Amino acid sequence: MAIAGMGNVASTLVKGLEFYKNSTEGLWHPKLGGFTLNDITISAVYDIDSSKVGKRIGQIVTDCKTDFSDIVIQRGISEDTTPSHIAQNGQIRSAGYDEFVNSLKKIKPEFLVNLISSGMDKSGEKYAKAALDAGCSFFNATSSKIVNDQTKKAFESKELMILGDDLMSQFGGTAFHRGMIEFMTTRGIRIQKAYQLDVGGNQDTQNTMAEEIREKKRKIKTESIAIESPYPFMSTAGTTEYAEQLGDSRVSYYWMQANGFLGSTIEMDLALKTNDSTNGCNVIVDSIRAARKALSQKDIAKADIISAYAFKNPSKKMHIRECIKAFEDAFAN
Ligand SMILES: NC(=O)c1ccc[n+]([C@@H]2O[C@H](COP(=O)([O-])OP(=O)(O)OC[C@H]3O[C@@H](n4cnc5c(N)ncnc54)[C@H](O)[C@@H]3O)[C@@H](O)[C@H]2O)c1
């Protein structure tokens with residue numbers, strides 16, 4: 001795979017691929033589609049931050065030597081206003097579209113994984129187009145809306161896959177909320193009202209504080225959670241605050257009010273603390289291996305199952321229990 005965006009998640013992924021050479025502890029699916037994590041190789045990395053472009057991965061991921069340490073971070077595409085955290089490091093270093101496509105064609109990755117900052121919607125669209133032009137499949141972890149009928153058809157016509165949008169962490173705020181709703185509704189409990197308030201401390205959470213991005217993420221999370229309930233109820237979910245002291249951690253505060261027999265009240269108030277970047281990586285390595293398997297069988301339609309499993313905003317939505325089952329039925333071995 002090639003990666004656009006050498007940030008938090010990409011760094012954790014690099015470390016994970018090294019760690020899981022000799023261990024399976026903490027892996028959701030050690031083997032999937034016939035592949036282990038040893039079958040995943042990073043062949044190129046792109047960024048636009050001048051403090052990263054030109055450096056080797058080993059200069060960014062300093063606490064662990066990996067097979068990918070010597071890969072030099074190349075210039076990616078930039079089509080959006082530069083966020084201040086990147087601008088403060090100096091003039092961005094970006095490549096022209098053709099130059100980027102040629103770079104991909106030369107390296108020939110099977111996947112381009114989009115891990116760029118939240119809110120870079122036009123750049124994300126261009127990366128998808130570039131992947132298509134270069135002949136590689138595309139994975140969109142960002143909340144930009146990139147996967148639709150048109151992009152799916154375009155990738156399918158070249159026997160490629162496009163997967164997205166907006167990575168759903170393995171055990172993050174959204175997945176846990178969906179699981180709770182599913183459990184309560186299948187136990188016959190009538191949910192009346194709920195909210196989920198997220199506080200995080202990493203760079204991406206800070207970006208999400210821009211009102212437009214925050215509103216978009218809130219809508220995606222709220223709609224993703226609504227899938228689980230057979231009836232509508234008053235619900236809000238989203239990134240609420242940035243607190244630098246949390247670092248890469250995220251705390252999700254949940255409150256739910258529901259009724260049981262004779263209208264008896266059930267109220268829940270709890271907090272879930274997780275680590276953002278590690279929480280995303282099992283889902284990424286699972287999706288890439290599953291997609292690789294489906295592609296080798298020319299079964300592009302399986303993209304819908306992979307996207308329902310791995311993303312908060314897939315084009316075909318499924319209940320959380322259903323999509324895990326469909327995914328494991330198709331790929332676990
Ligand atoms: N569990 C998770 O961490 C999780 C869950 C859902 C979605 N996501 C999404 O994954 C993405 C990556 O998250 P992160 O925590 O690594 O973010 P990050 O801010 O740590 O890293 C983003 C990187 O992208 C780079 N970048 C920005 N614009 C670029 C461009 N046009 N081309 C190339 N590089 C560019 C930045 O310089 C930075 O190095 C975010 O969009 C985030 O919302 C992550």
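Asp 166 counts as buried because 24 C-beta neighbours lie inside 10 Å, burial being assigned when 20 or more other C-beta atoms lie within 10 Å of a residue's own, exposure when there are 12 or fewer, and partial exposure in between, with C-beta atoms placed from the backbone. The model is a predicted one, in which local features need pLDDT of at least 70 and side-chain atom pairs count only at pLDDT 80 or more, while totals for chains, interfaces and linings use all residues. Residues are numbered from 1 along each chain as its sequence is written. Asp 166 is not a glycine, yet its phi is positive, at about 70 degrees. The residue is placed in the loop between strand 6 and helix 7; helices (H or I, at least four residues) and strands (E, at least two) are DSSP runs numbered from the N terminus. Asp 165 also has its place in the loop between strand 6 (162-163) and helix 7 (173-186), and the peptide bond leading to Asp 165 from Gly 164 is cis, with omega near -5 degrees.

A positive phi, near 50 degrees, is also found at Lys 298, a residue other than glycine. Lys 298 is in the loop between helix 10 and helix 11 and is exposed, with 8 other C-beta atoms within 10 Å.

Ser 137 is found in strand 5 (residues 137-140) and is buried, having 26 other C-beta atoms within 10 Å. Leaving aside residues up to four places away in sequence, Ser 137 touches Glu 110, Phe 111, Ala 131, Phe 155, Leu 160, Met 161, Ile 162, Ala 291 and Leu 295; contact requires the C-beta atoms of two residues, placed from the backbone, to lie within 7 Å. Ser 137 and Lys 158 are separated by 21 residues in sequence and by 9.5 Å in space, C-alpha to C-alpha.

The largest nonpolar core (a set of buried Ala, Val, Leu, Ile, Met, Phe, Trp, Tyr and Cys residues joined through C-beta atoms within 7 Å) comprises 72 residues, and those with the most contacts inside it are Ile 3, Leu 112, Val 113, Ala 131 and Ile 306. Helix 10 (residues 276-296) gives the most to this core, contributing eight residues. A second, separate core has eight residues, among them Met 184, Ile 191, Ala 194 and Ala 258. With residues up to four places away in sequence not counted, Ile 306 touches Leu 163, Ser 287, Ala 290, Ala 291 and Phe 327.

Two helix pairs were examined. The axes of helix 11 (residues 303-310) and helix 12 (residues 320-331) come within 9 Å and cross at roughly 130 degrees, axes being lines fitted to C-alpha atoms, for helices over the stretch in contact, with angles from 0 to 180 degrees between N-to-C directions. Helix 11 and helix 12 are therefore oblique to each other (under 35 degrees counts as roughly parallel, over 145 as roughly antiparallel, 65 to 115 as roughly perpendicular and the rest as oblique). In this contact, Ile 305, Ile 306, Ala 308 and Tyr 309 of helix 11 meet Cys 323, Ile 324, Ala 326, Phe 327 and Ala 330 of helix 12. The contact residues divide into nine nonpolar, no polar and no charged, where Ala, Val, Leu, Ile, Met, Phe, Trp, Tyr, Cys and Pro count as nonpolar, Asp, Glu, Lys and Arg as charged, and the others, Gly among them, as polar.

For helix 4 (residues 97-107) and helix 5 (residues 121-134), the axes come within 9 Å and cross at roughly 50 degrees.
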